[in-house]
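Hi,

Here is the structure I promised to pass on. Have a look at it first, and my notes follow below.

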Amino acid sequence: MKNSIYTLFYAGVLGTVCSLLLTAAASFTAPYREANAKAEKNRNILGVLQVKYPSDASSQELVKIFEDNVSLEQLGELEMYRYVPPQDSGNKETVAVGFEGPGLWGPVKGFLALDKNMRTIRGITFYEQEETPGLGGEIASSWFREQFAGKSIFDEAGKPGIIISSSEGSAPNKVDAISGATMTCEKVQAMLNEAIKGIVEGKQ
Amino acid sequence: MADNKQPACMTCEPKGLCGGRGLLTLKEGAWANNPLAIQVLGICSALAVTNRLENSLVMGGALIFVCVGSNLLVSLLRKVTPYRFRMIAEVSIIATFVILFDQFLSAFYPDMSKQLGPYVGLIITNCIVMGRAEAFALQNPPILSIVDGIANGLGYAVVLAIIGFFRELLGAGEILGREIPGFSSWYTPNQLMILAPGAFFALGIVIGIFNAVKGPGPEEKK
């Protein structure tokens, strides 16, 4: 009995000391980790909006480039990032919206960039995904993402939506799916269509 | 983690660190009983993070930090820890050090943290750390336990660095992400070395060479 009480006491003290240490460390590093996460998000938005920035830019520089070039607007219920390039830079005005949803193994998050009329896709990026490497994980690879550029978010009849499918034939709103990653592709298609629905509703 | 025999010097006249046992402990951990090459522990992380030399070095550093920290604390607490509670205590201490390192990495080296992914957190389950705490730190004084932590961490880190060096050299034709003059220009990188099979080949060859150089262990000699 005495032994058990001592063990309990020991466990309590050790547990408290360990958790206090970890809490202190977590609150000390929190601002740094938040800044990193923000810079990472900004880097993805800048990338999908095709804003040029130095590849070795620090977190602070990235945040500044982002604030100088990109403005945040509200589109219906969506947050929309707009990049208006300088007059003679040759870049096109681009908007981007975030999308997210469940993937096969975990959450998938990314940004979809459209031209200023919000009809044609200019790019797509995934900044968080844990899909199977080599199969579903290929959604983050450039060959899959590059297919989206130039695609419409409306089908031929004008109905909003994008199709990720391995079927034959082509359509203005269809991209090729990844073989062996049917589930991931279906889920990505669903979350993109959710975002597209939001865009169309927001425009009205 | 069967090997728990006391160094032979236990009965000698005390000299040097901890009566001469410091150097023995160091040799034992880093060379004669190298955790990776001889005991073949901690293989999971050794295969996963050695595709680049930089990753290997950081991972090795993490293991040294955790091993030294946990050995020290376990050793300091060894007389007050209830025997049947010792493993839970060891794991809590190890987990604390691992999370500390993980937080530090994600705050100040986010890119490295992203590359190593879950493997930093998985040091908690690394048999080397738990094994040293259980087999060594629990029976030995703090200073000696620190030496043992350094020795085993170093033994792991050096083997990891060797594997990382060759995998990056052959798989990417670079070292630490930089091109090597006179080599990168004509060498065609062999992707296999970056992928998982390359890790198995490299680890197998390193273990083979290590054992050949070290010679047979005491039980094989009999």
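Where the two chains meet, 14 residues of chain B are in contact with 16 residues of chain A (contact means that the C-beta atoms, placed from the backbone, lie within 7 Å). Helix α4 of chain B, residues 86-108, supplies the largest share of chain B's side, 10 residues. Helices and strands here are DSSP runs, numbered from the N terminus: H or I with at least four residues for a helix, E with at least two for a strand. That side of chain B has 9 nonpolar residues, 5 polar and no charged. For these classes, Ala, Val, Leu, Ile, Met, Phe, Trp, Tyr, Cys and Pro are nonpolar, Asp, Glu, Lys and Arg are charged, and the others, Gly among them, are polar.

Before you go further: this is a predicted model, where local features need pLDDT of at least 70 and side-chain atom pairs count only at pLDDT 80 or more, while totals for chains, interfaces and linings use all residues. Residues are numbered from 1 along each chain as its sequence is written, and chains are lettered from A and ligands numbered from 1 in the order in which they are written.

Now to chain A. It has 4 helices and 7 strands, in the sequence pattern α-α-β-β-β-β-β-α-β-β-α. Its radius of gyration, taken over C-alpha atoms, is 22 Å, whereas a compact globule of 204 residues would have one near 17 Å (the globule rule being 2.2 Å times the number of residues to the power 0.38). The C-alpha atoms fill a box of roughly 80 × 40 × 35 Å along the principal axes.

The part to look at next is an open sheet of 5 strands in chain A, in the order β1-β2-β3-β4-β5 with antiparallel pairing (two strands pair if DSSP finds at least two bridges between them). At its edges are β1 (70-75) and β5 (121-128) of chain A, each pairing on one side only.

Going through the pairs, β1(A) and β2(A) are joined by 6 bridges, with Gln74(A) partnered by Glu79(A). These two strands form a hairpin with 2 residues between them, and Gly76(A) in the turn has a positive phi of about 60 degrees. Next, β2(A) and β3(A) share 4 bridges, and Tyr81(A) has Ala96(A) as its bridge partner. Between β3(A) and β4(A) there are 9 bridges, one partnership being Val97(A) with Leu112(A).

Cheers
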